[in-house]
Amino acid sequence: MKEAIKIKIIILMAMLGVLLLGCEPKEKEDPNQVDMFAGVEKNLDLRPSAETLLHSAIYKHTDAKAVFHVHTTNGTLLSMKSEDKIIFSDLEMLKGLGFKTHDVKVTIPIIENNQDMKYLASIAPSYINEDVPGLLLKGHGIYAWGNTPQETKRHIEIYQIRHLLVSGV
């Protein structure tokens, strides 16, 4: 009989209303350790971000080592004007998402926003494309992931530039 091994995975997330700048805890803005089921490990007087379950779903269904979520004006507005995805191609910066050429079509899925985070976390895996490290939450913001915080930040920057180009600003 094989023995099951349970591994506890800890992720760092900024608390609700706190900006996480970089990956080192700041004296006033200390990130909280959160388990994959949104239970607070320390700082029990603080509560985790409302989107913790969505972050956790992305970690569980990708090889991501970092997941960032940002609210950009252009990305948010573009997600509201689009149906269920945004497609872009022929941009040299696509190589920064891991593609070998700019000559590809990249589809960013858009998930309809919902205040029920358990529901969003349950449907998010069906939107995840292993080749495209990101998705948009309609009218809210973008989630991007990568193997390192630096790679994930680069993915966010690529999506932001792409959104600027598409929106015509």
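**Figure 1. Surface and overall make-up of the predicted protein model.** The accessible surface of the protein comes to about 10300 Å², and 54% of this area belongs to carbon and sulfur atoms; accessible areas come from the Shrake-Rupley method with a 1.4 Å probe, and for residues only the protein chains shown count as cover. This is a predicted model, in which local features need pLDDT of at least 70 and side-chain atom pairs count only at pLDDT 80 or more, while totals for chains, interfaces and linings use all residues. Residues are numbered from 1 along each chain as its sequence is written, and side-chain values use heavy atoms, with hydrogens and water left out. Four helices and seven strands make up the elements of the protein, running β-β-α-β-α-β-β-α-β-β-α from the N terminus on; helices (H or I, at least four residues) and strands (E, at least two) are DSSP runs, numbered from the N terminus. Of the 169 residues, 42% count as buried, where buried means under 20% relative accessible area, exposed over 50%, and partly exposed in between (1.4 Å probe, protein chains only). Among contacts with a separation of 6 or more, 57% are between residues 24 or more positions apart, a contact being heavy atoms within 4.5 Å.

**Figure 2. Close-up of helix H1, residues 52–61.** Seven of the ten residues of helix H1 are buried, so this helix is largely enclosed by the rest of the structure. The buried residues of H1 are Thr52, Leu54, His55, Ser56, Ala57, Ile58 and Tyr59.

**Figure 3. Close-up of salt bridges in helix H4, residues 149–167.** A search of the whole structure finds four salt bridges, each defined as a side-chain nitrogen of Lys or Arg within 4 Å of a carboxyl oxygen of Asp or Glu. One of them joins glutamate 151 to arginine 154, with the closest N and O atoms 3.8 Å apart; these two residues lie three residues apart in H4, about one turn of the helix. Glutamate 151 counts as buried at 19% relative accessibility, whereas arginine 154 is partly exposed at 36%. Another salt bridge links the side chains of lysine 153 and glutamate 157 at 2.7 Å, N to O, and this pair also lies in H4, four residues apart. Lysine 153, at 47% relative accessibility, is partly exposed, and glutamate 157, at 34%, is partly exposed as well. An α-helix has 3.6 residues a turn, so residues three or four places apart point the same way.

**Figure 4. Close-up of the salt bridge between lysine 85 and aspartate 84.** The side chains of these two residues meet at 3.9 Å, N to O. Lysine 85 is partly exposed at 40% relative accessibility, and aspartate 84 is partly exposed at 44%.

**Figure 5. Close-up of the second largest pocket, with about 220 Å³ of space.** A pocket is found on a 1 Å grid over the protein atoms alone, as an open set of points where a 1.4 Å probe fits, with protein on both sides within 12 Å along at least five of seven lines, and lining residues have an atom within 4 Å of a point. The volume is the space filled by probe spheres set on the points, which are joined across faces, edges and corners. Of the 16 lining residues, Glu130, Pro133, Trp145, Gly146 and Asn147 lie nearest the centre of the pocket. Strand S7 (141–146) and H4 are the elements that give two or more residues to this lining, and H4 gives the largest share, three residues.
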